[in-house]
Amino acid sequence: MPGGAHDPGESLSRTAVRETQEETGVDVRLTGIVGIFTDPTHVIHYTSNDEVRQEFTVIYRAEPTGGEPTTSSESTRVEWVPVERIPALTMDPSQRKRIDWALTKSEPYIDPEAR
């Protein structure tokens with residue numbers, strides 16, 4: 001799934017549109033939000049500067065408006081996948097959770113409150 005860093009001076013929605021175009025060649029129009037996903041147990045340690053981060057992901061719903069699926073320096077494969085093929089795809093459980101939510105729920109995902 002396309003994703004990337006939020007640039008200074010850019011809205012979060014614009015980031016989603018830009019990153020999708022850059023990584024897939026597809027232009028999109030945002031139509032809603034799937035949810036905001038975080039996992040307190042998933043942290044990333046950058047050994048280059050010893051920084052530790054807990055990332056979060058905002059997933060938007062969108063529809064294609066133009067462009068053609070094309071790989072980039074940030075992607076190795078870009079294709080439209082029929083929904084019925086998704087269960088057979090190999091992916092990280094966090095990605096599967098996001099896709100499953102997008103396909104089966106209409107309300108945005110909000111992480112459970114901290115206990």
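Helices (H or I, at least four residues) and strands (E, at least two) are DSSP runs, numbered from the N terminus. With that in hand, let's start the tour.

The model is predicted, so local features need pLDDT of at least 70 and side-chain atom pairs count only at pLDDT 80 or more, while totals for chains, interfaces and linings use all residues. Residues are numbered from 1 along each chain as its sequence is written, and side-chain values use heavy atoms, with hydrogens and water left out.

**Stop 1: Asp111**

Select Asp111, in the segment after strand 5 (109-110). Is this residue buried or exposed? Asp111 is buried, where buried means under 20% relative accessible area, exposed over 50%, and partly exposed in between (1.4 Å probe, protein chains only). Asp111 also has no salt bridge; that term stands for a side-chain nitrogen of Lys or Arg within 4 Å of a carboxyl oxygen of Asp or Glu. Show Lys97 too: it is the nearest side chain of opposite charge, 4.9 Å away. For charge, Lys and Arg count as positive and Asp and Glu as negative; His and the chain ends are not counted.

What does the side chain of Asp111 make a polar contact with? Thr38 is one partner, side chain to side chain at 2.4 Å, and the side chain of Tyr109 is another, at 3.3 Å. A polar contact is a pair of N or O atoms within 3.5 Å; within protein, one must be able to donate a hydrogen and the other to accept it, and residues adjacent in sequence count only if both atoms are side-chain atoms. Now display Ile36, Phe37 and Thr38: leaving aside neighbours within four places in sequence, these are in contact with Asp111 (contact means heavy atoms within 4.5 Å).

**Stop 2: the sheet**

Switch to a cartoon view and follow the strands. Three of them, in the order 4-1-5, form an open sheet with mixed pairing. Strand 4 and strand 5 stand at the edges, each with a single partner strand, so one side of each is left without a neighbour in the sheet. Two strands pair if DSSP finds at least two bridges between them.

Look at each pairing in turn. Strand 1 and strand 4 run antiparallel and are joined by 11 bridges; to see where they face each other, pick Phe37, which stands opposite Thr57 in strand 4. Strand 1 and strand 5 pair in the parallel sense, over 2 bridges. Here, select Gly35, whose bridge partner in strand 5 is Tyr109.

**Stop 3: helix 1**

Next, colour helix 1. Its 13 residues should span 18 Å at 1.5 Å a residue, and the end C-alpha atoms are 18 Å apart, which agrees; the expected span is 1.5 Å times one less than the number of residues. Which residues of this helix are buried? They are Thr15, Ala16, Arg18, Glu19, Thr20, Glu23 and Thr24. The buried residues of helix 1 pack against strand 1 (26-38) and strand 4 (56-67).

Zoom in on Thr20 in helix 1, buried with a relative accessible area of 16%. Not counting residues up to four places away in sequence, Thr20 touches Pro2, Gly25, Val26 and Val28. If you draw a C-alpha to C-alpha line from Thr20 to Val58, it covers 13 Å in space, with the two positions 38 residues apart in sequence numbering. Just after the helix comes Gly25, whose phi is positive, near 80°.

**Stop 4: salt bridges**

Finally, turn on the charged side chains. How many salt bridges does a search of the whole structure find? The search finds 9.

Begin with Arg18 and Glu22, whose closest N and O atoms are 3.3 Å apart. These two are 4 residues apart in helix 1 (residues 12-24), and therefore separated by about one helical turn. Arg18 counts as buried at 13% relative accessibility, whereas Glu22 counts as partly exposed at 34%. Widen the selection to Asp7, Glu10, Arg18, Glu19 and Glu22, which are linked in a network of salt bridges.

Then move to Arg53 and Glu55, a salt bridge with its closest N and O atoms 3.7 Å apart. Arg53 is partly exposed, at 35%, and Glu55 is partly exposed, at 34%. End at Arg85 and Glu79, whose side chains meet in a salt bridge of 3.6 Å, N to O. Arg85 counts as partly exposed at 35% relative accessibility, and Glu79 is partly exposed with a relative accessible area of 36%.
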